[in-house]
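The following report looks at selected parts of one structure: a strand and its partners, a helix, the surroundings of a ligand, some backbone geometry and the segments annotated in a record.

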Amino acid sequence: MVMEIEISSTIARDVEVGEGAAAFLAWEDLTALLPNSGNGPTRRLLNGLTGFALPGRIMAVMGPSGSGKTTFLDSLAGRLSGNVVTSGNVLLNGKIKKSLHYGIVAYVSQEDVVLGTLTVKESIAYSASLRLPSSATKQETAELIENTIAELGLEDCADHLIGNWHLRGISGGEKKRLRIALEIITQPHLLFLDEPTTGLDSASAFFVAQSLRSIARRRRTIITTIHQPSTEVFSLFDDLLLLSSGQTVYFGEAAPALEFFAEAGFPCPQTRSPSDHYLRCINADFDYVNIGSQRIIGTQDMHLTTAEIRAKLQHKYQNSKLAERVRAKIKHFSVTQGLVHEEISRGSHARWRKQLMVLIKRSFTNMSRDFGYYWLRILIYIMVSLCVGSVFHDVGSGYHAIMARGACGGFVSGFMTFMAIGGFPSFIEEIKVFNKERLNGHYGVGVYILSNFISSFPFLIVMSFSSVCIIYLMVKYHPGFSHFMYAFIDLLLSISVVESCMMVVAALVPNFLMGVVVGAGFIGIMMATAGFFRLLPDLPLIFWKYPISYINYMAWGLQGAYKNDMIGMEFEGPVEGQPKLKGEYVLSSLLGISLQHSKWWDLGAVAVILVAYRLLFFIILKLKEGAMPVFHTYYTKRTLHHLRRRPSFRRPLPFPSSPKRHSLSSQEGLNSPLHST
Ligand SMILES: Nc1ncnc2c1ncn2[C@@H]1O[C@H](COP(=O)(O)OP(=O)(O)OP(=O)(O)O)[C@@H](O)[C@H]1O
């Protein structure tokens, strides 16, 4: 007999009667494919999933490791990596949505992306200030922060630093709860969580699940993937989506799943928890277990292989009235556009000026507490400056001092700016935090770039000022306050350009080692064409002179530095008694510097290049947001068109006709990812 489970009347009521804003989410025939770059098989990571999530309810997505739980959440949220192709519809409040990022959904991922230099309370407070409406009073915000801390049991560690690579901070479980707190503080209408309880002890896991349930009860829609929940935790979930190899094994209310399994011939033993039982039935990883030298069958108690159990369950689900009604409900969703009148809230409600102030403060706090971000570099800059100062000490104005001054200028413009690459690991961390917060709609790209620049500027001033002070005084460059200030601003702008350039690299290559290599390579090219190792007039005209030397901040910076030092100076000639050499003559004849424009033009050019890099950084971040989805849609269409022409790809999925135990090799065939060639 086939038992059919009714979709509860409460769900139906929820769908029909909605008060205020709420998120009714549905997905239809959701498929994710991993095409092989060659002519090999295409993996189906998700295979035609259909279902819905309703406000006021919390849905658990369960399945063995690798069954596609994260892929499912990512494909709903439009966050899958570029190599995965998706098809199907995602409907939010009856309207088809391409994806649910930039604030439509709050997503708590598994990745550990938080600023480790802040305390738990500070992190939550910044997150609240960034997103709560500007009308929220200080007291309301403080209450909300306290409540959120209490809701996730973070009181004991509220004032502890989170911790990073060199700073031991809060525990992994506390970090996990903090990441949830950062997202739930604004009570988002739609919340996705990827394994929020993994790594937590049973009491904390229960605590977290209970908080999520109470949030859901405030007409919030919550979908969470979960690994091995305890019976207590499992009982807190309203709905269940059970996945195996990217296919639905069960979708519906969580409690009746027991009857579904029993009806299918797999009743849950009394000694086993229901969630354990479901996973055991569909987890093929331990079908065959080696105990000593013996190989035994893990699912012996059910007399079937996992592949057979899974196929039976899938078959039963696909042909059940339950699946039929889900499809009917989705149809209802798609024809009833705008089930709720209010738009669901998106990301931040704070005004951009408030966001800018909060981000500047947060970024400045992070930079000043992270020793590796600027302090270490400032220390190294001072030490290197002392070394340069003593090597070129009181360089003088003899004939040989001409080359010494040139070399010292070359070293400062080249190597001293190159050292800005040392901040790359911190840039990478910051970009990761930006990416996460941006996708969750906390703030915009422009606000982030401006805040990052403003908060780093005081450190760059300290770095350049201390270096120029030491070098200028020890080497005894051209005397005079204006000359000193020029050298300081020249170095400040040059270091700022390298910083901006490194931010561009971090946005394009978000990997520490690869980023450092790319950044170092780029600065190396700038050094080679700056006019010190090869004079500017001698550079090959095509490419190296035009355009490279003209877009090279170091070339402009070095020309300005040379002019600042040498114009107005006189140097001894090569032979004693010869007339003195004027600085202008040295510049044009020996150093290949054009005197057709003043040193201020050179400084202006460095400033323009700095603005250009910041703009480039903005454009890259914007392009990643805007153009990448367009490219991905094109790639998806092309790949699907190509795949649909393959007959084997269109073939329906196989279900074994008889529950015979397969040989190991045939079982492996069934358990391997579903694919077509
Ligand atoms: N971008 C990708 N490129 C290659 N393989 C991918 C990609 N995304 C997902 N996969 C593969 O899809 C399968 C499902 O991955 P997914 O992370 O969704 O599983 P999961 O059920 O969340 O597992 P776990 O519980 O271990 O986190 C895995 O085999 C994974 O390697």
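A residue is called buried here if 20 or more other C-beta atoms lie within 10 Å of its own, exposed if 12 or fewer, and partly exposed in between. The model is a predicted one, and every value below should be read with that in mind.

**Strand S9 and its partners**

By that criterion, six of the six residues of strand S9 (residues 239–244) are buried, so the strand is largely enclosed by the rest of the structure. In a regular strand the side chains alternate between the two faces of the sheet. In S9 both faces are covered, with Asp 239, Leu 241 and Leu 243 buried on one side and Leu 240, Leu 242 and Ser 244 buried on the other.

S9 pairs with strand S3 (residues 58–62) in the parallel sense through four bridges, and within this pairing Ala 60 stands opposite Leu 240. With strand S10 (residues 247–253), S9 pairs in the antiparallel sense over six bridges, where Leu 242 has Tyr 250 as its bridge partner. S9 and S10 form a hairpin with two residues between them, and Ser 245 in the turn has a positive phi of about 45°.

**Backbone geometry**

Most residues other than glycine have a negative phi, and most peptide bonds are trans. The table lists two residues in loops that have a positive phi.

| Residue | Phi | Loop | Burial |
|---|---|---|---|
| Arg 219 | near 60° | between helix H6 (202–216) and strand S8 (221–225) | buried, 20 other C-beta atoms within 10 Å |
| Asp 394 | about 40° | between helix H13 (371–391) and helix H14 (399–418) | exposed, 9 other C-beta atoms within 10 Å |

Arg 219 counts as buried because 20 other C-beta atoms lie within 10 Å, the cut-off being 20 or more. Asp 394 counts as exposed because it has 9 such atoms within 10 Å, where the limit is 12 or fewer. As for the peptide bonds, the one from Tyr 546 to Pro 547 is cis, with omega near 10°, and Pro 547 is found in strand S14 (residues 546–547).

**Helix H10**

Helix H10 (residues 306–318) has 13 residues, which at 1.5 Å a residue should span 18 Å, and this agrees with its end C-alpha atoms, which are 18 Å apart. The helix is mostly covered, since ten of its 13 residues are buried. Among them are Glu 308, Arg 310 and Lys 316, together with Ile 309, Leu 313 and Tyr 317.

**The ligand shell**

The ligand is surrounded by 14 residues, of which the closest are Ser 65, Lys 69, Thr 70, Thr 71 and Ser 81. Helix H2 (residues 69–77) supplies the largest share of this shell, with three residues. By class, the shell holds three nonpolar, ten polar and one charged residues.

**Annotated segments**

An unreviewed UniProt entry gives the feature "transmembrane region" for several spans, including residues 371–392 and 448–475. In the model, residues 371–392 are 95% helix and 0% strand, with the end C-alpha atoms 30 Å apart. Residues 448–475 are 100% helix and 0% strand, and their end C-alpha atoms lie 39 Å apart. The other spans that the record places under this feature are residues 404–428, 487–509, 515–536 and 600–621.

Notes
Residues numbered from 1 in each chain as written. Predicted model: local features only at pLDDT ≥ 70, side-chain atom pairs only at ≥ 80, totals over all residues. Near = placed C-beta within 6 Å. Nonpolar A, V, L, I, M, F, W, Y, C, P; charged D, E, K, R; others polar. Expected span 1.5 Å × (residues − 1). UniProt positions renumbered as here; feature names shortened; annotations may be inferred. Pairing = 2+ DSSP bridges.
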